[in-house]
Amino acid sequence: MVMRHVAVIGHPIGQSKSPALHSRWIKAHGVEADYTAIDGKDEDNFRELIRTLPEKGYAGVNVTIPFKQLAFELCDELTERAESVGAANLLIFRDGKVIGDNTDIAGFSAALSSMALDPAPRSARIIGAGGAAPAIIVALKEAGLERIEITNRTASKAIELAERFDIKPIGWAARDTKLGEIDLLINTTSLGMEGQPPLDMFVGSLPPHAAVIDIITTPRETDLLIGARERGQKTMNGLPMLVHQAVPSFEAWFGIRPDDEPVAIEFLEGLK
């Protein structure tokens with residue numbers, strides 16, 4: 001049987017839990033494959049990787065920050081889901097083509113549903129306008145939220161997404177104002193990630209019922225989540241979204257759909 005290679009590409013990439021997650025499934029399902037983490041370094045290097053990896057026996061890759069939008073641009077074919085958000089986090093190398101998909105929508109939707117928020121959120125503020133933000137906006141709209149706001153250090157990116165998805169842009173200087181009207185706060189930036197500066201934001205005025213999600217996976221609990229937990233608010237890190245978005249990736253490459261999401265999340269929570 002031919003060994004198939006798959007990987008996750010990003011920068012930085014050392015913090016990624018995807019190799020541990022997919023390697024566990026590869027072993028559990030007896031697949032002849034390996035899954036590694038590749039440092040994309042910069043845009044030129046990322047382009048070169050996508051051009052050369054199929055020649056080296058790669059069946060595809062996951063893409064993480066900051067390359068999801070560039071990955072979208074490099075694809076020969078795109079699924080409707082990728083087209084709807086303008087970003088690709090799953091690439092499949094098949095018949096000389098690069099096929100792009102986006103599994104972040106399903107990943108975030110499933111993770112949000114697992115929180116079982118009561119009352120259901122009606123408003124949300126998204127921090128950051130990078131590669132994951134469009135998928136989260138689509139997921140929130142599909143969940144029926146009535147009011148979605150977005151703020152970003154580079155205002156033009158937030159405004160572009162606000163116009164594309166008909167949501168409200170908030171200036172970065174006003175990122176922690178009027179939080180009393182927000183049911184769900186979501187950090188999609190790398191601020192707070194291990195090795196990165198913390199998210200500079202006062203969120204003490206969030207209402208008691210508000211929930212806070214930080215899609216960062218390392219550390220497990222960022223300062224943002226610690227503060228929210230200590231105020232008694234529901235919180236969630238990025239591991240549930242990571243697992244739920246990884247399931248369709250594994251299925252796309254190997255034709256097997258893992259169905260042990262809760263156990264997989266617990267496994268990742270237990271990693272050092």
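Before I show you the first sheet, let me say that two strands are taken to pair if DSSP finds at least two bridges between them. Please also keep in mind, throughout this talk, that what we are looking at is a predicted model.

With that in hand, we can turn to an open sheet of six strands, which follow one another in the order β2-β1-β3-β5-β6-β4, and in which the pairing is mixed. At the edges of this sheet stand β2, residues 33-39, and β4, residues 77-78, and because each has a single partner strand, one side of each is left without a neighbour in the sheet. Further in, strand β3, residues 58-63, runs antiparallel to strand β5, residues 90-94, and three bridges join the two. If you would like a residue to look for there, take V61, whose bridge partner in β5 is L91. Helix α9, which covers residues 239-254, packs on this sheet, where it touches β1, β2, β3 and β5, and its direction makes about 0° with that of β5.

Let me now move to the other sheet, which is also open and has six strands, here in the order β9-β8-β7-β10-β11-β12, with parallel pairing. Its edge strands are β9, at 168-170, and β12, at 235-236, and each of these pairs on one side only. Within this sheet, strand β10, residues 184-187, and strand β11, residues 211-214, pair in the parallel sense over four bridges, and I186 stands opposite I213 in β11.

Which strands does helix α8 lie across? Helix α8, residues 223-230, lies across β10, β11 and β12, and it runs at about 160° to β11.

Methods
Residues are numbered from 1 along each chain as its sequence is written. This is a predicted model: local features need pLDDT of at least 70, side-chain atom pairs count only at pLDDT 80 or more; totals for chains, interfaces and linings use all residues. Side-chain values use heavy atoms; hydrogens and water are left out. Contact means heavy atoms within 4.5 Å. Axes are lines fitted to C-alpha atoms, for helices over the stretch in contact, and angles run from 0 to 180 degrees between N-to-C directions.
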